[in-house]
Amino acid sequence: MTTPEDKLAALLREQAETVVPSGGGLSTIQARVARRRRTRWAVLPGAALVTAAAVAAFFVFADGDGQSALKQVPGPGTSPSVSETPHPSPTPTVAGGGLDHAFENPALWPFTSGQQIAGWKTDYPYADDKLALVGHYLNDELKLTGLTTSTNCESCDVVVISNGTRKVGEASLERFWVDGHEVFTISVIGETDLKVLTPSYGAAISSPTAVTGLITGVDENVNLSLVTQAGQQIAAAGAPAGSAVPWNGSLTWTDTGWTHGGIVARTFSAKDGSLNRLTAIPVTRDSQAAGTSPTFAGVRSGRIDLFDATTGAFQRHLTFPPAGKTDTDAAWSSGRLLWLRAQPTGCNDALYRMDGTTVSTVVGPGGPDHLGSPRLSPDGRTMAWLSSPCSGGAPSVVVKSPAGIRRVRVSPGGSVAVQDLTDDGRLLVSVRVNGSAPLMRLLSATEAAVDDGRAIGFSHCTAQAASFDGADPVLWVSCHTGAARLARFQASGDLTTTGPDLPLDRVDATSVRQGSVLVVGSAPQSGLVRVWRYEQGRLTAVTTGDAVRVADW
């Protein structure tokens, strides 16, 4: 039954939909909101993160050129509509209790937690510049070029996004103090007549997700995508739209390796195809929903393919090497691929990476070095590989991150393979000297030579195929012929086995994801290299007949 309160609420919503701020009024509102806003504080590292009590949504009235304007500024307890740019509340937005806690208000990119923003200088050194931050999001994550950014005032946490002379959206930012620096993160992009109604701001979503919204105009087509925090577009759809009825579309995906992302809506000019509207709201993956099986990338028959990590079923080709060249090694993380392409003769190795559907060259063919063992950090933003001069001489391990490139020296005569690396640049490498059994070494993000790293292993045992499981290295140790067991190296310096001996006489690769271990190796007598999953002390074959030589998930 409809109550008087329901009717009043409906009337107020209808009235709010008709209020359109004037151009001068809008800028006046934003300036006054910015002056009233208190800067967020993130005392990092070590100290607890503090938050004040949340405030309810409120309205700010302003006048410009004799006309009134209305602006809603939502607090943490509200779910703002993208019909107006949702400015976060003027309270601190970092939840207390430690650096791993998420921000109290949902955020779009690049930071969603105190732990992430603590490393801004390394990961996103431009995050103290509002215009640069928004520009990187548009160019690097959304692959939108040719746009410009501007702001109406230095204290405004709003960045205007334009395509030529046309405004296509506004980015609303959160401001934090981190060790004496003002650092920003993008909360939402809106302020156009392209509105996302569902899902709500900051909602947890599962596949498939229905997306609905409103737009002014006729014969429009809304381009929808789901873009993870790592910049991977994992779902896309189109939605015919017009002012007569709400538009709707559906986003479907299989990738379960993401936590935070954004639903991005765009429209393009029917006249020249240029972008004319941009809206983006933050969302999270609903970890409680029934998910699809994880996937892994594997090297098979000279190319990189994607497989189901439960059944081993082939899903699709990831790379397409030209005639005469083969793809020989790869790393797969956060939906990003780094792979090595070689040809039989000459110094013609090349290293490529793929972000979504965009392929870029990391090291082009015809260079002075042979390349090997490409690896990606968990967030996919830091890369490492082995570089050996074609003319001879000692190789080096190259680590490339957003902060720059560093080279780690390898002693002459040593044979080195990069096993894994972390987001902060720590390395696991295996070293062979004069044909000896491999020795694992753990290197910090600052050590300049492989020999400086800490040796990991048991005496009289062979160490094989190491990987990081969070902060701890794990590796396979073989102390008896035809058997191997998994061991964990802890910060205390102890190396302890975590399970029984298993029938593996060779382990070529290990990749850890959310406590599950993916293994490439062979069992005694069979000699057949398979991909296995290791969970709770048991090995389960994922592939049985396919010659997948490298696997990463």
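**Reading disulfides, a sheet and cores**

Biologist: How is C479 classed by its relative accessibility, and what value does it have?

Modeller: C479 counts as partly exposed, because its relative accessibility is 38%. Buried would require under 20%, and exposed over 50%. Please keep in mind that this is a predicted model.

Biologist: To which residue is C479 joined by a disulfide?

Modeller: The general idea is that two cysteine sulfur atoms within 2.5 Å are taken as a disulfide. Here C461 and C479 are linked, with an S to S distance of 1.9 Å. The torsion about this S-S bond is 110 degrees, and the link is right-handed. C461 sits in the loop between β30 (454-456) and β31, while C479 belongs to strand β32 (residues 472-480), so the link ties together parts that are 18 residues apart in sequence.

Biologist: How many disulfides does the structure hold, and what pattern do they follow?

Modeller: The structure contains three. With the bonded cysteines counted along the chain, the pattern is 1-2, 3-4, 5-6.

Biologist: What is the handedness of the disulfide between C153 and C156?

Modeller: C153 is joined to C156 with an S to S distance of 1.7 Å. The torsion about their S-S bond is about 90 degrees, and therefore this disulfide is right-handed. C156 is buried, because its relative accessibility is 3%.

Biologist: Which parts of the chain does the disulfide of C347 and C390 tie together?

Modeller: In this disulfide, C347 is bonded to C390 at an S to S distance of 1.5 Å. C347 lies in the loop between β20 (336-342) and β21 (350-355), and C390 in the loop between β24 (383-389) and β25 (396-401), so the pair ties together parts that are 43 residues apart in sequence. As for exposure, C347 is buried at 18% relative accessible area, whereas C390 is partly exposed at 30%.

Biologist: You mentioned strand β32. How should one read the order of the strands in its sheet?

Modeller: In general, the strands of a sheet pair through backbone hydrogen bonds, either parallel or antiparallel. In this case, four strands form an open sheet in the order β31-β32-β33-β34, and their pairing is antiparallel. β31 (462-469) and β34 (495-497) are at the edges with a single partner strand each, so one side of each has no neighbour in the sheet. Neighbouring strands are turned against each other by 30 degrees on average, direction ignored.

Biologist: How many bridges join β33 and β34?

Modeller: Strand β33 (residues 483-489) pairs with β34 in the antiparallel sense over three bridges. As an example, R488 has T496 in β34 as its bridge partner.

Biologist: Let us turn to the interior. Which residues have the most contacts inside the largest nonpolar core?

Modeller: The general idea is a set of buried nonpolar residues joined through side-chain atoms within 4.5 Å. The largest such core here has 31 residues, and Y137, I161, I186, I189 and L278 have the most contacts inside it. Two or more residues each come from α5 (130-141), β5 (158-163), β6 (166-178), β7 (181-190) and β15 (275-285). β6 gives the most, with five residues. Another core, of 24 residues, lies apart from it and includes A203, I205, L226 and A265.

Biologist: What do the totals for the protein say?

Modeller: The protein has five helices and 39 strands. Of its 553 residues, 50% count as buried. The protein exposes about 24,300 Å², of which carbon and sulfur atoms supply 52%. Among contacts with a separation of 6 or more, 47% are between residues 24 or more positions apart.

How values were computed. Residues numbered from 1 in each chain as written. Predicted model: local features only at pLDDT ≥ 70, side-chain atom pairs only at ≥ 80, totals over all residues. Heavy atoms only, no water. Pairing = 2+ DSSP bridges. Axes fitted to C-alpha atoms, helices over the stretch in contact; angles between N-to-C directions. Buried < 20%, exposed > 50% of the residue type's maximum accessible area, 1.4 Å probe, protein only. Contact = heavy atoms within 4.5 Å. Areas by Shrake-Rupley, 256 points an atom, 1.4 Å probe, with all protein chains shown as cover.
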